[in-house]
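Reader: I should like to learn how to read a protein structure, one feature at a time. May we begin once the sequence and the structure are in view?

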Amino acid sequence: MTQPLQAEEPLGPAGRSLVNLPVTPAIAGLRVRHFEPTSDYAAVADLWTAVNVHDAFDYFPTAQELEHEWTHRSGMDLAEDVVVAKVDGAVVGYAGHQWRIRAQRVFHQLDAAVLPDFRHQGLGAALLGWAEARVARGLAEGKLGADLDMGHVFSAWTDPKIPGVGALADRAGYHIESYGMMMTRSLADPIPAPPLPEGLEVRPVRPEDHRQIWESDVEAFQDHRDPAVQTEQDFEGTFSGPGLDTTLWQVAWDGDEVAGSVMNTIYPAENERTGIQRGWLDNISVRRPWRKRGLATALIARSLLTLRDRGMAEAALGADTENLSGAVHLYESLGFRRVHVHAGYRKAIEVPRPPER
């Protein structure tokens, strides 16, 4: 077993020093340092692309998209919560952490990726160990939600079919809590055109309506598994994304009330990479008073027609396999099929408490 990396001379334009790993893999030339925003977004985006091409998962963020996502994440400090692993100057892995409140618990979301050529050498386990140690250190210092009187858990999402993932999770004490999936539908197939429920209408999205549309979506998602407490950063992130096009959205109104919405997005860079003209139904929500009336069906069908009219060949969405509202059955009835499954791994955290005086 090699010794942990020791802090050495500063690396990068902002002088980001090397960080310690719990155990250092025996990979020649390996160096791990904190994320540097002025230089690392493109490298991490390229890493995600290479990893997901290999693992057959269609998520290929651009540097601009990644920067927007990370700078609008509540509970993430880029100076402390992200590290990159480099060999001979090239990024070969990364790990990150974000915390937020979900369903009266503090979730510490851990993310990591390692290039295929550097897997099965202990780097993934070492990066996971670093992320867990970062959380433990923060909690011991009374940060990262340590003052909240609620349970804390580690959370991570990955494809359990990737070789070595299950064994790594078992060794680290994680268990599968839930499953999520990607579903797709060909837009060449017939698309139904059910009417909106009586009294409702779809209106164009206006800037002055952004807050009400967002708050209505947040309210509707409180009935889903582990709903997150949303922040002003989340609101700003929703309406400032580099690919935002609210003319794709379908928002149903009942007078002055938002009844439901589907927030659709097209990712041109991802479509160029996959060779598939695909549009995403990113958020699908209906508020309680308007459920069981066919509104979700009508809004989804309108979304499919809109994406087809914009030249898309396929529609996609993400769903909880055990969605409490029965949404998966609705999606399947509209022609969506399951194409990729991810597992949600969890592990409880023992939060250190200050000694009683």
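Reader: Is strand β1 mostly covered or mostly uncovered, and how many of its residues are buried?

Author: Please note at the outset that this is a predicted model. A residue is called buried when its relative accessible area is under 20%. By that reading β1 is mostly covered, with four of its five residues buried.

Reader: Which strand pairs with β1, and in what sense?

Author: The general idea comes first: strands of a sheet pair through backbone hydrogen bonds, and the sense is either parallel or antiparallel. In this structure β1 and β2 run antiparallel and are joined by five bridges. Within that pair, Arg33 stands opposite Val84 in β2.

Reader: What is the order of the strands in the sheet?

Author: One reads the order across the sheet rather than along the chain. Here the open sheet has twelve strands, ordered β1-β2-β3-β4-β5-β12-β6-β11-β10-β9-β8-β7, and their pairing is mixed. Its edge strands are β1 (30–34) and β7 (201–202), each of which pairs on one side only. Helix α1 (residues 37–54) packs on this sheet and touches β1, β2 (82–87), β3 (90–102) and β4 (105–114). The direction of α1 makes about 95° with that of β3.

Reader: How many helices and strands does the protein have?

Author: There are ten helices and twelve strands. The radius of gyration is 22 Å, close to the 21 Å that the globule rule gives for 357 residues, so the protein is as compact as a globular protein of that length. The C-alpha trace spans about 70 × 55 × 35 Å along its principal axes. Buried residues make up 48% of the 357 residues. Of the contacts with a separation of 6 or more, 69% come from residues 24 or more positions apart.

Reader: In what sense do β4 and β5 pair, and through which helix does the chain cross from one to the other?

Author: To read such a unit, one follows the chain from a strand through a helix to the next strand. The pairing of β4 with β5 is parallel, over five bridges, and Phe107 stands opposite Val153 in β5. The chain crosses from β4 to β5 through helix α4 (residues 123–140), in a right-handed β-α-β crossover.

Reader: Where is another right-handed β-α-β unit to be found?

Author: Such a unit is made by β10, helix α9 (residues 295–309) and β11. Strand β10 (residues 278–286) pairs with β11 in the parallel sense over three bridges, and Arg278 stands opposite Glu314 in β11. Strand β11 (residues 314–320) is mostly covered, six of its seven residues being buried. Seven bridges also join β11 to β6 in an antiparallel arrangement, where Ser186 has Glu314 as its bridge partner.

Reader: Which strands does β12 pair with?

Author: Strand β12 (residues 337–349) pairs with β6 (residues 175–186) in the antiparallel sense, over nine bridges. β12 also runs antiparallel to β5, joined by seven bridges. Tyr345 in β12 has a part in both pairings: Tyr345 is the bridge partner of Ile176, and Ala156 stands opposite Tyr345.

Reader: Is Ser155 buried or exposed, and what does its side chain contact?

Author: One reads a single residue by its place, its accessible area and its contacts. Ser155 is found in strand β5 (residues 151–158). Ser155 counts as buried because its relative accessible area is 3%, under the 20% limit. The side chain of Ser155 makes a polar contact of 3.3 Å with the side chain of Gln109. Beyond four places in sequence, the contacts of Ser155 include Phe107, Leu110 and Tyr345.

Reader: How do Ser178 and Glu332 read, buried or partly exposed?

Author: Ser178, which lies in strand β6, is buried, with a relative accessible area of 4%. Leaving out residues up to four places away, Ser178 touches Trp157, Arg225, His342, Ala343, Gly344 and Arg346. Glu332, found in helix α10 (residues 327–333), is partly exposed, with a relative accessible area of 27%. Beyond four places in sequence, Glu332 touches Met183, Arg337 and Arg338.

Reader: How far apart in space are Glu332 and Arg185?

Author: Separation along the chain and separation in space are read independently. Glu332 and Arg185 are 147 residues apart in sequence, and their C-alpha atoms are 9.2 Å apart. For Ser178 and Ala133, 45 residues apart along the chain, the C-alpha atoms are separated by 24 Å.

Conventions: Residues are numbered from 1 along each chain as its sequence is written. This is a predicted model: local features need pLDDT of at least 70, side-chain atom pairs count only at pLDDT 80 or more; totals for chains, interfaces and linings use all residues. Side-chain values use heavy atoms; hydrogens and water are left out. Helices (H or I, at least four residues) and strands (E, at least two) are DSSP runs, numbered from the N terminus. Buried means under 20% relative accessible area, exposed over 50%, partly exposed in between (1.4 Å probe, protein chains only). A polar contact is a pair of N or O atoms within 3.5 Å; within protein, one must be able to donate a hydrogen and the other to accept it, and residues adjacent in sequence count only if both atoms are side-chain atoms. Contact means heavy atoms within 4.5 Å. Two strands pair if DSSP finds at least two bridges between them. Axes are lines fitted to C-alpha atoms, for helices over the stretch in contact, and angles run from 0 to 180 degrees between N-to-C directions. A crossover is right-handed if, with the strands pointing away from the viewer, the path from the first strand over the helix to the second runs clockwise. The radius of gyration is taken over C-alpha atoms; the globule rule is 2.2 Å times the number of residues to the power 0.38.
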